[in-house]
Amino acid sequence: MDFLQTVKIALRALRTNKMRSFLTMLGIIIGIASVIAMMAVGSGASYVISQQIASIGSNIILVIPGSTTSGGLRTGSGGAQTLTSDDVKAIMAECPSVDLASGTVRSSGQVVYGNMNWSTVIMGGTPELFEIREWGIANGRGITQQDVDGAVKVCLLGQTVADNLFGSADPVGNIVRIKKIPFTVIGVLERKGQSPQGTDQDDTLFVPLRTAQRNLVRSQHTNNVGALIVKAKSKELLTKAEEEINSLLNQRHRITGGKEPDFSTRNLSEILAVAEQSSKAMSLLLGAVASISLIVGGIGIMNIMLVSVTERTREIGIRMAIGAKKNDILLQFMTEAVLLTMLGGLIGIALGAGGAMVVSRMLEWPTLISFQSISIAFVFSGAVGIFFGFYPARKAAGLNPIDALRYE
Amino acid sequence: MSEVIALTDIRRVFTMGDQQFEALKGVSYSISAGEFVAIMGASGSGKSTCMNILGCLDRPTSGQYLLDGLDVGAMNTNQLADIRNKKLGFVFQGFNLLARTPAVENVELPLVYAGLHSRERREKALAAMQQVGLAGKENNHPSQLSGGQQQRVAIARALVNNPAVILADEPTGNLDSSTTAEIMSLFTTLNKQGITIIMVTHEHDVAAYAGRQITFRDGNIIGDTK
Ligand SMILES: Nc1ncnc2c1ncn2[C@@H]1O[C@H](COP(=O)(O)OP(=O)(O)O)[C@@H](O)[C@H]1O
Ligand SMILES: [Mg+2]
């Protein structure tokens, strides 16, 4: 018997009980729709996270003062200031796997322009900082080595700072006051967006490192830096660079034996690993929810298919009497079950995709409906039909034609 | 004439729990191509049991059954399904048509399982419907047909595969007398065209249409007009 005919027979059987077929599919529809919607929202989330991670820059190692604690990292701001500009120079000079390094200091305070004022993060850095973070200038110029060496009172504005102080006007060339000290705005940075921690990276103002060390942070030695940001030559050299930095700084800071280091390093791949882990946990959870709803839907299918086999016992008898083989009957009922689940799957995919689109519109949250998730959902719905349709179909195929014909 | 059916000492014992019931107690007869045979007997005498065996829907407990020279007893279920599909045509008392399915598709059904393509199926089904006088009713569903018309659809379905034998178990049992006469004259016409027909009935006037009557009582043959 040709397959097309089998499908036609199955479709007719489903059509004769439209309402029942629909209700039977509902379990699958809801299951698949929620899976598709959740996957879309989930992969939208991991897309955002990966964008944010990329926004930090690539192949980056952070060196921060203070040692690691089991809970994570100490921020080092306000903590011990153990790193200096000389450490930065040494790393640049002596670590072969390191491409660029910059010391940074961090503070926060009021920035005033005319009658506008804005409280923001103030970062001191060197020209390398912007190269490492792959952060371009939208308008004006960047911080130069001369600005750093001369501790010139100039500043670069993040987009958020620029928007809040200047609105749509061009800030370049204007004077702002940072902690009451006048600075000339030399440029505005490109927009960066959110960091993986959820802070607005554009809500930052940059000044030359030495300017910050002298004027904006209070410390005993103006040579101190808050943290180092280092770029390895390549992704492969990331770990090597981290080792080189560790051994160099241990040596420079005279950390020997059991003495706890007064700094710690973190590389981007660790942040990535954390993000990856959480997205893995997320998909595991989604998978669990998906399988539960599909199992529930599948049981519904099995239940209705069993009812259908009983109702159509006579039909099965007729078909067998005129030449249907066991396999023909088996295939017919399997096809019915699989059509039910696949149809439910298709409707569920459409509903889920629609739902995800609504979510992304309403919550302004990006959703990603991948071809992969759609095909997985589709294949899964078919597999549910095969799995839960098999028992009823085998029951139908195992009927004795004489008994089946006599069934009232 | 060649023998289409040859039964030798057919027994059929039904076992229900620890009880045994012998519905056929060693039945032997043969039927030649082109015969029209009526099987008669009281209710419970074993007519249907014998028909089920002839129709390859059931297997005898012992004895030999040759259909068109083939030993049916040696065949597996798939082969039996093939035999039912290609060599036999069934007409039942209750018509046994598929509801909510157009008449022509009911007639096509054996050809579906024979693996014919749809155009060929439709051609043969239409011809069979013409043969039983149902031209124009192709798209009616069984519920839109009278009892006599439904039985004609069933006969067309039995004919469509060009079987060696048509087996009819009380084909007029659900029909009134005038419709019975119509169906019987259709059978007679088909038989004259060379089709072998074996029909179960317990009505003598129906049996009279057949050329030969075999009579059952309590699982034995007690009469054969051959
Ligand atoms: N599947 C079965 N199990 C047990 N007994 C059966 C079965 N089928 C038929 N019989 C018995 O066999 C006898 C013959 O039945 P059947 O051939 O149907 O009679 P009829 O001549 O009326 O068609 C009856 O007594 C019936 O009860
Ligand atoms: Mg009977």
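Asp147(A) is a buried residue, with a relative accessible area of 6%; buried here means under 20% relative accessible area, exposed means over 50%, and partly exposed is in between, using a 1.4 Å probe and protein chains only. Its salt-bridge partner is Arg141(A), and the closest N and O atoms of the two are 2.8 Å apart. A salt bridge is called when a side-chain nitrogen of Lys or Arg is within 4 Å of a carboxyl oxygen of Asp or Glu. Arg141(A) counts as partly exposed, at 36% relative accessibility.

Some ground rules before we go on. This is a predicted model, where local features need pLDDT of at least 70, side-chain atom pairs count only at pLDDT 80 or more, and totals for chains, interfaces and linings use all residues. Residues are numbered from 1 along each chain as its sequence is written, chains are lettered from A and ligands numbered from 1 in the order in which they are written, and side-chain values use heavy atoms, with hydrogens and water left out.

**Salt bridges**

How many salt bridges does a search of the whole structure find? There are 21 over all chains. Here are three of them, with their distances.

| Arg partner | Acidic partner | Closest N to O |
|---|---|---|
| Arg141(A) | Asp147(A) | 2.8 Å |
| Arg121(B) | Glu108(B) | 3.4 Å |
| Arg152(B) | Glu182(B) | 3.0 Å |

The pair Arg121(B) and Glu108(B) links distant parts of the chain: Arg121(B) sits in helix α4 (residues 118–131) of chain B and Glu108(B) in helix α3 (residues 103–114) of chain B, 13 residues apart. Helices (H or I, at least four residues) and strands (E, at least two) are DSSP runs, numbered from the N terminus. Arg121(B) is buried at 2% relative accessibility, and Glu108(B) is buried too, at 4%.

Now for Arg152(B) and Glu182(B), whose side chains meet in a salt bridge. Arg152(B) belongs to helix α5 (residues 147–159) of chain B and Glu182(B) to helix α6 (residues 177–192) of chain B, so this pair ties together parts that are 30 residues apart in sequence. Arg152(B) is buried, with a relative accessible area of 15%, whereas Glu182(B) counts as partly exposed at 39%. Over in chain A, salt bridges that share partners join Arg312(A), Glu315(A), Arg319(A) and Glu336(A) into one network.

**Domains and helices of chain A**

Chain A is assigned domain 1 (3–52 + 276–406) and domain 2 (81–261), with bounds that come from an automatic or database domain assignment. Taken over C-alpha atoms, the centres of the two domains are 56 Å apart.

Helix α9 (residues 268–311) of chain A has 44 residues, which should span 64 Å at 1.5 Å a residue, and its end C-alpha atoms are 63 Å apart, which agrees. The expected span is 1.5 Å times one less than the number of residues. Buried residues of α9(A) include Leu268(A), Leu286(A), Gly297(A), Gly298(A) and Val309(A). What covers the buried residues of this helix? The cover includes α2 (18–56), β1 (60–65), β12 (263–267), α10 (313–321), α11 and α12 of chain A.

Helix α12 of chain A is also the place of Ser373(A), which counts as buried at 5% relative accessibility. Leaving aside neighbours within four places in sequence, Ser373(A) is in contact (heavy atoms within 4.5 Å) with Ile36(A) and Met39(A).

Trp365(A) lies in the loop between α11 (326–363) and α12 (371–397) of chain A and is partly exposed, with a relative accessible area of 33%. Together with Val358(A), Met362(A) and Leu363(A), Trp365(A) makes a nonpolar surface patch of about 440 Å². Patches are made of residues with over 30% relative accessible area and no salt bridge; like charges are joined within 9 Å, and nonpolar side chains (Val, Leu, Ile, Met, Phe, Trp, Tyr) within 5 Å. The areas come from the Shrake-Rupley method with a 1.4 Å probe, and for residues only the protein chains shown count as cover.

**Positive phi values**

Most residues other than glycine have a negative phi. Arg254(A) has a positive phi, near 55°. Arg254(A) lies in the loop between α8 (238–252) and β12 of chain A and is exposed, with a relative accessible area of 65%. Asp9(B) also has a positive phi, near 50°; Asp9(B) is in strand β1 (residues 3–16) of chain B and is partly exposed at 36%.

Cys56(B), with a positive phi near 60°, follows helix α1 of chain B. Seven of the eight residues of that helix (residues 47–54) are buried, among them Cys50(B), Met51(B) and Ile53(B).
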